[in-house]
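Q: Hi! Could you walk me through this structure with me? I'd like to chat about its side-chain contacts.

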Amino acid sequence: MKLPPLKIGKCESKFPVIQAGMGVKIGSATLAAETIKQGGFGTIASVGMGDPEEGKYNFIETCNKLFADEIRKAQQLCDNQAPLGINVMVAISNYKEIVETAVKEGVDFIISGAGLPLNLPEYVPAESGIALIPVVSSGRALDVILKTWNRKYNRKPDAVIVEGPRNGGHLGFTMEMIEHPETCSLDILLKEIKTSLAAFDCGNIPVLAAEMVSCRADIERMLQMGYDGVQIGTHFICAEESGIDRKSKEVYVNAKAEDVVIIKSPVGLPVRVLKTPLVQRVLNGERAKFTCPYRCLCTCNPAQSLFCIARALLAPHAGDTENGLYMCGSNIEAVTRIYPLKEFFDTLHGE
Ligand SMILES: Cc1cc2nc3c(=O)[nH]c(=O)nc-3n(C[C@H](O)[C@H](O)[C@H](O)COP(=O)(O)O)c2cc1C
């Protein structure tokens with residue numbers, strides 16, 4: 001099967017692949033730019049831009065500056081090719097400022113999840129032409145978004161990403177659903193999503209699947225299921241171009257399926273992670289003593305959290321495997337080595 005291009009609003013790519021904007025600093029300028037060069041949608045993760053030390057006094061300004069620098073770096077690395085976008089989590093406290101920075105820097109699309117992005121259109125003028133792409137895990141969540149965007153802003157999304165229960169990172173499901181993924185599988189979710197889109201007269205927009213895509217056959221499987229493309233996270237973590245330290249990439253390469261566990265994240269959602277030393281301490285109920293220099297998440301209560309997620313997600317960037325939180329998807333065993341991203345995209349050419 002020849003893979004079709006992906007068209008979202010004014011954006012178009014050769015292959016139906018969006019590189020997930022993985023925080024912190026995995027979905028970096030280098031990974032996004034290389035994805036675009038290879039024929040996909042490149043996405044910069046906006047979460048965790050502010051370093052706990054640097055951002056102590058000027059969190060919002062520091063994040064805006066570092067984030068704008070990252071977008072400009074990506075634009076430069078890929079000679080301003082498109083589509084370059086960003087991922088922004090609803091749970092972050094500087095959501096509005098991050099979105100406004102992305103608009104100012106002229107990105108092509110904005111992906112937003114980890115909560116319902118109900119106010120997203122407010123910060124993105126329709127005239128900007130920037131494609132808006134909410135991330136959902138149920139038809140009900142999409143109904144609420146579509147209803148709100150229609151009523152408050154007279155706007156519609158340009159595409160929707162559907163994250164399944166085996167997805168990497170934060171999960172929009174209850175623990176019971178995660179333990180029984182067959183009850184909320186991507187084919188069940190697609191029906192709900194299509195019904196919801198049709199009810200709001202946006203049945204023609206692309207719907208992307210996010211869960212366990214590691215090779216061309218996985219993309220073809222999703223297309224056959226009825227999706228228009230995929231968003232890939234876990235499999236791109238160990239691309240040479242991704243932003244974390246090599247020692248951290250080796251943690252992913254060496255991980256086995258039995259190392260994957262679900263814990264409760266300070267974001268307020270279950271999160272799929274590797275059982276590294278930090279996670280073992282969390283599972284033992286040990287609480288790391290920390291002070292919160294800024295409230296980076298609306299949903300975190302630092303007095304009750306067992307660890308500081310900002311520090312835990314910055315640690316893999318520095319190669320600190322003892323204190324790092326390594327989010328991952330269920331397809332971890334398909335991550336077998338560190339490789340140049342081009343190798344993956346080379347398999348997508350031809351019939
Ligand atoms: C390490 C890691 C970091 C992630 N960070 C984010 C993030 O910052 N924002 C977000 O909306 N999703 C995030 N995700 C979820 C991805 O965007 C994507 O939907 C998911 O990885 C797809 O599933 P897969 O990992 O099985 O490919 C992350 C996933 C991983 C594995």
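Salt bridges, rings and cores

A: Happy to, starting with a charged pair: glutamate 220 and arginine 216 form a salt bridge, with their closest N and O atoms 2.9 Å apart. Keep in mind that this is a predicted model.

Q: Where do glutamate 220 and arginine 216 lie?
A: Both are in helix α8, four residues apart, about one turn of the helix.

Q: And are those two buried or exposed?
A: Glutamate 220 counts as buried at 19% relative accessibility, where the cut-off for buried is under 20%. Arginine 216 is buried too, at 12%.

Q: Which residue does arginine 221 form a salt bridge with?
A: With aspartate 218, and the closest N and O atoms of that pair are 3.2 Å apart. Arginine 221 and aspartate 218 are three residues apart in helix α8, so about one helical turn separates them. Arginine 221 is partly exposed at 37% relative accessibility, while aspartate 218 is buried at 14%.

Q: How many salt bridges are there?
A: The count comes to ten salt bridges. One that links distant parts of the chain is glutamate 211 with arginine 166, whose closest N and O atoms are 3.9 Å apart.

Q: Where do glutamate 211 and arginine 166 lie?
A: Glutamate 211 is in the loop between β10 (207-210) and α8 (216-225), and arginine 166 is in the loop between β8 (160-163) and β9 (169-170); the two are 45 residues apart. Glutamate 211 is buried, with 7% relative accessibility, whereas arginine 166 is partly exposed, with 31%.

Q: Changing topic: how many disulfides does a search of the whole structure find?
A: Zero.

Q: Why is there no bond for cysteine 184?
A: The closest cysteine sulfur, in cysteine 328, is 17 Å from the sulfur of cysteine 184, which is too far for a bond. A disulfide would need the two sulfur atoms within 2.5 Å. Cysteine 184 is buried, by the way, with a relative accessible area of 2%.

Q: What about cysteine 298, then?
A: Its sulfur is 9.4 Å from the closest cysteine sulfur, which belongs to cysteine 296, and that is also too far for a bond. Cysteine 298 counts as exposed, at 54% relative accessibility.

Q: On to the rings. How many aromatic pairs are there?
A: The whole structure has eight aromatic pairs. One of them joins phenylalanine 59 and tyrosine 294: the ring centres are 4.1 Å apart and the planes are at 20 degrees, so the pair is stacked.

Q: Which parts does that pair tie together?
A: Phenylalanine 59 lies in helix α2 (residues 59-77) and tyrosine 294 in the loop between α11 (277-283) and α12 (309-318), so the pair ties together parts that are 235 residues apart in sequence. Phenylalanine 59 and tyrosine 294 are both buried.

Q: Got another pair for me?
A: Sure: phenylalanine 236 and phenylalanine 344 have ring centres 5.2 Å apart and planes at 85 degrees, so that pair is edge-to-face. Phenylalanine 236 sits in helix α9 (residues 234-237) and phenylalanine 344 in helix α13 (residues 341-346), so parts 108 residues apart in sequence are tied together. Both of these phenylalanines are buried. Ring pairs also link Phe15, Phe236, Phe344 and Phe345 into a cluster.

Q: What else does phenylalanine 236 touch?
A: Leaving out residues up to four places away in sequence, its contacts include Val17, Gln19, Met22, Leu31, Ser242 and Tyr339.

Q: Which residues have the most contacts inside the largest nonpolar core?
A: Ile86, Ile110, Phe236, Tyr252 and Leu325, in a core of 107 residues. Domain 1 (6-244 + 337-346) and domain 2 (246-332) both give residues to this core, so it lies between them. There is also a second, separate core of 14 residues, with Ile8, Ala131, Leu208 and Ala210 among them.

Q: How far apart are the C-alpha centres of domain 1 and domain 2?
A: They lie 21 Å apart.

Q: And how many residues of each domain are in contact?
A: 39 residues of domain 1 are in contact with 32 residues of domain 2.

How values were computed:
Residues numbered from 1 in each chain as written. Predicted model: local features only at pLDDT ≥ 70, side-chain atom pairs only at ≥ 80, totals over all residues. Heavy atoms only, no water. Buried < 20%, exposed > 50% of the residue type's maximum accessible area, 1.4 Å probe, protein only. Phe/Tyr/Trp six-rings, centres within 6.5 Å; stacked < 30°, edge-to-face > 60°. Core = buried A, V, L, I, M, F, W, Y, C linked by side-chain atoms within 4.5 Å. Domains from an automatic or database assignment. Contact = heavy atoms within 4.5 Å. Salt bridge = Lys/Arg side-chain N within 4 Å of Asp/Glu carboxyl O.
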